[in-house]
Structures are given as C-alpha cells and as structure tokens.
Amino acid sequence: MRIALATSQPELPPSDRLLEEALRARAVAVEVAHWQDASCDWSRFDTVVVRSCWNYHHHLADFLAWLSHVEAAGAGLVN
C-alpha cells in the first residue's frame, strides 16, 4: 500500500510525523506531498490522507478542484 500525506507545510507537524512513523512501522510506503504541487502524480497512491492542508481556505476553488483531481486519479481520499 502506498499512502500520501497531503500537506501545505514545508515539513509535517509533530502529530503528522507520528502518523508517518506508525504507518512506516507497519511497512506502509508513505510519502509527504504538497497538495498544490502540480507535478505530483496522485495516481501513484492507493490513498491520499488530507492532513495539514492549512491554507486551503485561501485557495478554496483550487482545493476543491484538487480533491476532484485526486479522486479522478483513482486514489482513495481520507480526511
């Protein structure tokens, strides 16, 4: 299983790092990905977990379009 932790931060906050460590301990492939990174191929992931996307309210139309894009790419989306 391959999971993306979606963020808007340059680094994961401490609580998200705990999640990342717990997933890796269970042999899950985890990648941190910026939700606004147009070069990210979201179809590479089985699941995208919305974590620290704290700027979404400043870019609501783009964020909603991104959610649709992730779903269209075939990745499961979890908040």
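This dialogue introduces strand β3, helix α2 and their surroundings in a predicted model.

User: Is strand β3 buried or exposed, and why is it described in that way?

Analyst: A residue is called buried when its relative accessible area is under 20%. Strand β3 spans residues 47–52, and five of its six residues are buried, so the strand is largely enclosed by the rest of the structure.

User: Which strands pair with β3, and in what sense?

Analyst: Strand β1, residues 2–7, runs parallel to β3 and is joined to it by five bridges. Within this pairing, A6 stands opposite V50 of β3. Strand β4, residues 76–78, also pairs with β3 in the parallel sense, over three bridges. Here V48 has L77 in β4 as its bridge partner.

User: How should one read side chains along a strand?

Analyst: In a regular strand, side chains alternate between the two faces of the sheet.

User: What unit do β3, α2 and β4 make?

Analyst: Together they make a β-α-β unit, and it is right-handed. Helix α2 covers residues 60–72.

User: Which residues does L67 contact beyond its sequence neighbours?

Analyst: L67 lies in helix α2. Leaving aside neighbours within four places in sequence, L67 is in contact with V50 and L77. The C-alpha atoms of L67 and W35 are separated by 9.1 Å, although these residues are 32 residues apart along the chain.

User: Where is L64 placed, and which surface patch does it help to make?

Analyst: L64 is in helix α2. With a relative accessible area of 47%, L64 is partly exposed. Together with Y56 and L60, L64 makes a nonpolar surface patch of about 280 Å².

Methods
Residues are numbered from 1 along each chain as its sequence is written. This is a predicted model: local features need pLDDT of at least 70, side-chain atom pairs count only at pLDDT 80 or more; totals for chains, interfaces and linings use all residues. Side-chain values use heavy atoms; hydrogens and water are left out. Patches are made of residues with over 30% relative accessible area and no salt bridge: like charges are joined within 9 Å, nonpolar side chains (Val, Leu, Ile, Met, Phe, Trp, Tyr) within 5 Å. Accessible areas come from the Shrake-Rupley method with a 1.4 Å probe; for residues, only the protein chains shown count as cover. A salt bridge is a side-chain nitrogen of Lys or Arg within 4 Å of a carboxyl oxygen of Asp or Glu. Helices (H or I, at least four residues) and strands (E, at least two) are DSSP runs, numbered from the N terminus. Buried means under 20% relative accessible area, exposed over 50%, partly exposed in between (1.4 Å probe, protein chains only). Two strands pair if DSSP finds at least two bridges between them. A crossover is right-handed if, with the strands pointing away from the viewer, the path from the first strand over the helix to the second runs clockwise. Contact means heavy atoms within 4.5 Å.
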